[in-house]
Amino acid sequence: MAETTSFLIAGEWLGIATLVCAGLVILGFIFQWGIRFRLIGVTGFLGVLSAGLIALSLVPFTRTVIPGALRFSRVYDSGATQVVIGLPPKPITESELSATLQQAASDLYSLGRLGGGDNQLTIRARTILHPEPGISQPLYLGQIQRSLSQRHDPNMKITLDQENLARLPQSAA
């Protein structure tokens with residue numbers, strides 16, 4: 001992967017710079033330079049940066065892409081078990097909604113979420129309809145439930161609201 005190798009190369013160069021600064025610190029103490037304590041700080045900072053970049057090179061950055069998924073925005077996130085995503089108020093097929101919910105389940109999964117009693121993350125998809133000027137009506141289209149403890153949950157449960165899907169505006173074509 002290009003990203004991980006870039007982090008590794010940058011980490012190596014910062015590691016070399018850290019060693020050069022460490023050499024300057026030793027020279028600073030030998031020759032009693034007034035800047036020697038600042039060099040200690042610079043060396044420590046470079047060491048932290050190089051260690052961080054090398055650590056980033058060890059973890060692959062992968063993002064699962066579900067074909068057919070629509071763009072969505074996160075409307076509400078409790079940081080625990082409840083998330084609401086927003087979709088545009090346009091005609092959406094069942095397969096697009098299902099793919100979008102699976103994409104959201106993949107994107108929003110995190111081991112850092114606080115689990116409730118059932119240890120399930122529930123992601124609900126909604127859109128906003130405007131039946132009359134000045135009136136907005138949220139319309140929930142479906143939800144997906146996935147495990148908070150497994151990265152690749154084979155038992156995700158998708159529920160689509162057929163009645164609300166039918167209420168979406170039809171294309172003008």
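**Close-ups of a predicted model**

**View 1. Strand 4 meets strand 5.** Here I144 has I158 of strand 5 as its bridge partner. That pairing belongs to a run of 4 bridges between strand 4 and strand 5 (residues 157–160), with the two strands antiparallel. Keep in mind that everything shown in these views comes from a predicted model.

**View 2. Strand 3 and strand 4 side by side.** These two strands also run antiparallel, and 11 bridges hold the pairing together on paper. At the turn, the hairpin has 2 residues between the strands, and G134 takes a positive phi near 85 degrees. Along the ladder, look for R124, which stands opposite Q143 in strand 4.

**View 3. An arginine over a tyrosine ring.** Staying with R124, follow its side chain out to the charged end, which sits over the ring of Y140. The distance to the centre of that ring is 4.1 Å.

**View 4. Inside the largest nonpolar core.** Nonpolar side chains in soluble globular proteins tend to be buried together. The largest core in this model has 20 residues, and the members that touch the most others are I85, I92, L97, I123, L141 and L168. Which elements give two or more residues to this core? They are strand 2 (82–86), helix 3 (94–107), strand 3 (120–132) and strand 4 (135–147).

**View 5. A closer look at L97.** Leaving aside residues up to four places away in sequence, L97 touches L87, I92, A125, L141, G142, L160 and L165. Two of these names, I92 and L141, also appear with L97 among the core residues that touch the most other members.

**View 6. An edge-to-face pair of phenylalanines.** Searching the whole structure turns up 2 aromatic pairs. In one of them, F29 and F37 have ring centres 5.6 Å apart and planes at 90 degrees, so the pair is edge-to-face. Are these residues buried or exposed? F29 counts as partly exposed, at 36% relative accessibility, while F37 counts as exposed, at 52%.

**View 7. A stacked pair, F31 and W33.** The ring centres of F31 and W33 lie 6.3 Å apart, and the planes are at 20 degrees, so this pair is stacked. For the solvent side of things, F31 is exposed, with a relative accessible area of 53%. W33 is partly exposed, with a value of 33%. If you're wondering about the two numbers quoted for each ring pair, a pair of aromatic rings is described by the distance of the centres and the angle of the planes.

Key: Residues numbered from 1 in each chain as written. Predicted model: local features only at pLDDT ≥ 70, side-chain atom pairs only at ≥ 80, totals over all residues. Heavy atoms only, no water. Phe/Tyr/Trp six-rings, centres within 6.5 Å; stacked < 30°, edge-to-face > 60°. Buried < 20%, exposed > 50% of the residue type's maximum accessible area, 1.4 Å probe, protein only. Lys NZ or Arg CZ within 6 Å of the ring centre and 35° of its normal. Core = buried A, V, L, I, M, F, W, Y, C linked by side-chain atoms within 4.5 Å. Contact = heavy atoms within 4.5 Å. Pairing = 2+ DSSP bridges.
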